[in-house]
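Got your viewer open and a selection box ready? Let's walk through this one stop by stop.

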Amino acid sequence: MRQAEDRRHLIFIRHGQSLHSQRQILAGVANCPGLTPHGRTQAHDLATQLLQICGAPDAIDSSPVARARETAEIVRETLALNLPIDDDARLSEPSPGTADGLSLIDYEAQFGTFDMQTEPDRLLAPGGESWRQFLARVDDFVAERSIPDGTHCRWIFTHAGFMVWLVRSLVGATATRLRLEFENCSMLHFEVSDGHWILRSYLPPDDVS
């Protein structure tokens with residue numbers, strides 16, 4: 001049995017309240033406007049919650065999309081952590097391709113509507129991803145993710161869609177069997193040992209408004 005000091009932790013964090021959600025636009029790496037003022041406050045308040053889980057991290061990963069990256073940067077600055085933030089594109093939502101920056105109304109006018117689960121190979125837009133491609137990279141993250149010896153805790157800043165399908169990948173549930181929702185700045189805490197993922201807790205933010 002592993003000793004307590006050898007336990008390795010992954011904490012997945014959804015970004016704070018975002019401008020793209022308020023403006024009802026598709027926003028990937030190219031056109032994400034980042035956090036709202038309230039979202040920045042949420043990220044600042046999140047820092048203390050994170051420390052209470054397993055102490056300071058040894059590493060920080062983030063989706064390169066501005067709303068996630070900004071959340072990570074605010075947490076790091078709040079805690080005065082001397083750590084780099086490593087971008088990992090696998091942590092992003094499905095890439096919107098040429099639809100990046102379009103309002104939902106303009107997107108529907110140009111590309112129509114479709115159910116990604118009944119059309120899993122249809123791209124969101126030219127240059128973007130399909131639902132199947134998105135799920136494959138979530139599965140890839142789960143399959144490859146490990147914490148090197150000597151690493152105690154890793155903080156991973158991402159998006160609601162990634163967190164939903166992370167759980168789906170681990171438990172093998174379809175959307176019709178398991179419905180999950182993650183508020184801004186909510187967290188999933190896993191302990192990883194010998195390739196096994198143990199869900200230790202789901203933590204909603206102190207302020208979910």
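**Stop one: aromatic rings**

Start by selecting Tyr 107 and Phe 111, which sit four residues apart in helix α4, about one turn of the helix. Keep in mind as you click around that this is a predicted model. Show the side chains: the two rings make a tilted aromatic pair, with 5.1 Å from centre to centre and 35° between the planes. Now turn on a surface. Tyr 107 is buried, at a relative accessible area of 10%, while Phe 111 is partly exposed, at 22%.

Next, pick Phe 190 and Trp 197. Their ring centres are 5.3 Å apart and the planes stand at 75°, so this pair counts as edge-to-face. Phe 190 is buried, with a relative accessible area of 4%, and Trp 197 is buried too, with 17%. Which other rings belong to the cluster with Phe 190 and Trp 197? Add Phe 12, Phe 141 and Phe 162 to your selection, and you have the cluster that the ring pairs link up. Over the whole structure, a search turns up ten aromatic pairs.

**Stop two: the sheet**

Hide the side chains and go to cartoon view. You should find an open sheet of six strands with mixed pairing, in the order β3-β2-β4-β1-β5-β6. Colour β3 (85-87) and β6 (196-203): these stand at the edges with a single partner strand each, so one side of each has no neighbour in the sheet. Look along the sheet for its twist: neighbouring strands are turned by 25° against each other on average, direction ignored.

Zoom in on the β6 end. Strand β5 (residues 187-193) pairs with β6 in the antiparallel sense, over seven bridges. For a landmark there, select Ser 193, which stands opposite His 196 in β6.

Then bring in helix α3. This helix lies across β2, β3 and β4, and runs at about 140° to β4.

**Stop three: charged pairs**

How many salt bridges does a search of the whole structure find? The count is eleven, and a few are worth a click. Select Arg 40 and Glu 70, whose side chains meet in a salt bridge at 3.8 Å, N to O. Arg 40 belongs to helix α2 (residues 37-54) and Glu 70 to helix α3 (residues 66-79), so the pair ties together parts 30 residues apart in sequence. Arg 40 is partly exposed, with a relative accessible area of 36%.

Now try Arg 154 and Asp 61, a salt bridge at 2.7 Å, N to O. Arg 154 is in strand β4 (residues 153-158) and Asp 61 in strand β2 (residues 59-62), so this pair ties together parts 93 residues apart in sequence. Are these two buried or exposed? Both Arg 154 and Asp 61 are buried.

Back on helix α3, select Glu 73 and Arg 69, four residues apart, about one turn of the helix. Their side chains form a salt bridge at 3.0 Å, N to O. Glu 73 is partly exposed, at 33% relative accessibility. Add Asp 87 and you have a network of salt bridges linking Arg 69, Glu 73 and Asp 87.

**Last stop: a serine in a loop**

Finish at Ser 130, in the loop between α4 (104-111) and α5 (131-144). Ser 130 is buried, with a relative accessible area of 2%. Its side chain reaches the backbone oxygen of Pro 120 at 3.4 Å. Leaving aside neighbours within four places in sequence, Ser 130 is in contact with Met 116, Pro 120, Asp 121, Arg 122 and Leu 123.

Technical notes:
Residues are numbered from 1 along each chain as its sequence is written. This is a predicted model: local features need pLDDT of at least 70, side-chain atom pairs count only at pLDDT 80 or more; totals for chains, interfaces and linings use all residues. Side-chain values use heavy atoms; hydrogens and water are left out. Helices (H or I, at least four residues) and strands (E, at least two) are DSSP runs, numbered from the N terminus. Buried means under 20% relative accessible area, exposed over 50%, partly exposed in between (1.4 Å probe, protein chains only). A polar contact is a pair of N or O atoms within 3.5 Å; within protein, one must be able to donate a hydrogen and the other to accept it, and residues adjacent in sequence count only if both atoms are side-chain atoms. Contact means heavy atoms within 4.5 Å. A salt bridge is a side-chain nitrogen of Lys or Arg within 4 Å of a carboxyl oxygen of Asp or Glu. Two strands pair if DSSP finds at least two bridges between them. Axes are lines fitted to C-alpha atoms, for helices over the stretch in contact, and angles run from 0 to 180 degrees between N-to-C directions. Rings of Phe, Tyr and Trp (its six-membered ring) pair if their centres lie within 6.5 Å; planes under 30 degrees apart count as stacked, over 60 as edge-to-face and the rest as tilted.
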